[in-house]
Amino acid sequence: MMARGSTTTRSESDAAESLIGRGARIRGRVHGDGSLRVEGSVEGDIRLAGDLEIEDGASVTGDVEATSVVVAGQLTGDVASRGPVTIRATAQYAGNVGGSEVILEEGAAFAGRIEAEFDLPPELSERTGGRGQGPRR
């Protein structure tokens, strides 16, 4: 029974992730409810309910929307993520990034704007407020 349960779990997770393999080229929009790992090439927008991973050696040209995004290859386009965005050291990325958290590893080639929601540490908030930058009375 234990083996059957783990096989079922593995099948469900495999079904939730799709793969665009090395050498594959997709032109057009990609939409899906699960996660996607790109090892090949995509020319078009990608919109996922799950996670997106662009592997080292892969390329995507288009805007991306996903729960979380990891870029290790080439990406040209804007990213809108509901969760974290990780730009690996091997990445070549040109576009704007929006996510709950943005991680930019040392060595990554990045050209664009980062928009992330964050709270200033208390010591910075106090300094800014002390300089009269709050609302005028």
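Q: What does the protein expose, and how is that accessible area obtained?
A: Accessible areas come from the Shrake-Rupley method with a 1.4 Å probe, and for residues only the protein chains shown count as cover. By this method the protein exposes about 9000 Å², and carbon and sulfur atoms supply 48% of it. This is a predicted model, in which local features need pLDDT of at least 70 and side-chain atom pairs count only at pLDDT 80 or more, while totals for chains, interfaces and linings use all residues. Residues are numbered from 1 along each chain as its sequence is written, and side-chain values use heavy atoms, with hydrogens and water left out.

Q: What mean confidence does the protein have, and which elements have the lowest and the highest mean pLDDT?
A: pLDDT is the predictor's confidence in each residue, from 0 to 100. The mean for the protein is 82, and 74% of its residues reach 70 or more. Among the elements, helix α1 (residues 2-16) has the lowest mean, 42, and strand β8 (residues 59-61) the highest, 98. Over residues 1-15 the pLDDT is below 50, and this stretch has zero contacts (heavy atoms within 4.5 Å) beyond near neighbours in sequence. Over residues 130-137 pLDDT also stays under 50, and the model has one contact beyond four places in sequence for them.

Q: What makes the pair Glu 43 and Arg 27 a salt bridge?
A: The term requires a side-chain nitrogen of Lys or Arg within 4 Å of a carboxyl oxygen of Asp or Glu. The closest N and O atoms of Glu 43 and Arg 27 are 3.5 Å apart, so the pair meets the criterion. Glu 43 lies in strand β5 (residues 41-43) and Arg 27 in strand β2 (residues 25-27), 16 residues apart. The structure holds seven salt bridges.

Q: Why is Arg 27 called exposed, and Glu 43 partly exposed?
A: Buried means under 20% relative accessible area, exposed over 50%, and partly exposed in between (1.4 Å probe, protein chains only). Arg 27 has 67% and is therefore exposed, whereas Glu 43, at 37%, counts as partly exposed. Of the 137 residues of the protein, 31% count as buried.

Q: How do you know that Arg 82 and Glu 65 form a salt bridge, and what does the pair tie together?
A: Their closest N and O atoms are 3.7 Å apart, so the salt-bridge criterion is met. Arg 82 lies in the loop between β12 (79-81) and β13 (84-87) and Glu 65 in strand β9 (residues 64-66), so the pair ties together parts that are 17 residues apart in sequence. Arg 82 is partly exposed at 46%, as is Glu 65 at 29%.

Q: What makes β12 and β15 a pair of strands?
A: Helices (H or I, at least four residues) and strands (E, at least two) are DSSP runs, numbered from the N terminus. Two strands pair if DSSP finds at least two bridges between them. β12 and β15 (residues 97-99) have two bridges in the parallel sense, so they qualify as paired. The bridge partner of Ala 80 in β15 is Gly 98.

Q: Why do β3 and β18 stand at the edges of their sheet?
A: Six strands form an open sheet in the order β3-β6-β9-β12-β15-β18, with parallel pairing. β3 (30-32) and β18 (114-116) each have a single partner strand, so one side of each is left without a neighbour in the sheet.
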